[in-house]
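Thanks for making time this morning; please bring the model up on your screens, and I will talk through a few of its features in order.

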Amino acid sequence: MAKLVSFLTLLSFALYMVGTAGSASSPTDFIKSSCKATRYPELCVGCLSGYASVIQRNERRLALTALSVSLARARSAAAFVTKMTKVRGIKPREYQAAKDCIENMGDSVDRLSQSVRELRHTGRAVGRDFLWHMSNVQTWVSAALTDENTCLDGFAGHLMDGNVKVAIKRRINNVAQVTSNALALVDRFKSRHRARNP
């Protein structure tokens, strides 16, 4: 019992010292600092700060979490657009544009899933092997972002204006911004890894 008490006392002290070691070293500050490299830093922090305990100060985990969040949002958006095709009073043109969007979002989900799997393979990869995996990740995330932007092409023009367009556009734009941020963090991870392992 005495050993347990002294262990807990030591643990409490260690945690206290970590807490007072300076906020600059906290996982949340690491996320905020990393998100400055993205196009939508506030959205980036909002999406990732809830995973600070998982990410810690690890570049790879940060990129992997960003991709996983993007994948989850892409799946959710695809399901949302599918529901929109069943809205009462939807016009034939809106319906077709939504169907095309669902197909694009399906492709985006597939590519983001591939990128998450591929990034997991970089754990022990070095040199050319690491670069090969990262090149695949970057290619697939870029393609997913293109799919998300293409999703809205069918809603172009004033003839498509209406509640369906507004709702779908808001959801898809959010996913595209999250994916853009994920790509920036993937690029950051790659460049920092190469700098440390020339």
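Let me begin with a question about the packing: are helix 5 and helix 8 roughly parallel or roughly antiparallel to each other? Before I answer, please keep in mind that what we are looking at is a predicted model.

The two axes lie 9 Å apart, and helix 5 packs against helix 8 at an angle of about 165°. Angles over 145 degrees count as roughly antiparallel, and helix 5 and helix 8 are therefore roughly antiparallel to each other. As for the handedness, helix 5 and helix 8 cross in a left-handed sense. If you look at which residues make up this contact of helix 5 with helix 8, you will find 20 nonpolar ones, together with four polar and seven charged.

Helix 5 has another partner to consider, namely helix 6, which covers residues 92–120. Here the packing angle is about 160°, and the axes of helix 5 and helix 6 are 9 Å apart, which makes helix 5 roughly antiparallel to helix 6. The crossing of helix 5 with helix 6 is left-handed, and the residues of that contact comprise 16 nonpolar, six polar and three charged.

Now to the interior. How many cavities of 30 Å³ or more does the count come to? The count comes to one, and the space in the largest cavity is about 60 Å³. Which helices each supply at least two residues of its lining? They are helix 3, which runs over 41–48, helix 5, at 59–84, and helix 8, at 163–196, so helix 5 and helix 8, whose roughly antiparallel arrangement I have just described, both take part in this lining.

If you would like to select the lining of the largest cavity yourselves, the residues are L43, C44, C47, L48, A66, V69, V178, N181, A182 and L185. By character, nine residues of this lining are nonpolar and one is polar, while no charged residue is found there.

One of those lining residues, C44, brings me to the last topic, the disulfides, of which the count gives two. C44 is joined to C35 by a disulfide, with a distance from S to S of 1.9 Å. The torsion about the S-S bond of C35 and C44 is about -65°, and this disulfide is therefore left-handed. C44 thus has a part in both features, as a residue of the cavity lining and as a partner of C35 in a disulfide.

Notes:
Residues numbered from 1 in each chain as written. Predicted model: local features only at pLDDT ≥ 70, side-chain atom pairs only at ≥ 80, totals over all residues. Heavy atoms only, no water. 1 Å grid on protein atoms, 1.4 Å probe; cavity = no way out; pocket = protein on both sides within 12 Å on 5 of 7 lines; lining within 4 Å. Points joined across faces, edges and corners; volume = space filled by probe spheres on them. Helix = DSSP H or I, 4+ residues; strand = E, 2+ residues; numbered from the N terminus. Nonpolar A, V, L, I, M, F, W, Y, C, P; charged D, E, K, R; others polar. Axes fitted to C-alpha atoms, helices over the stretch in contact; angles between N-to-C directions. Parallel < 35°, antiparallel > 145°, perpendicular 65-115°, else oblique. Left-handed = near helix turned anticlockwise from the far one by under 90°. Disulfide = S-S within 2.5 Å.
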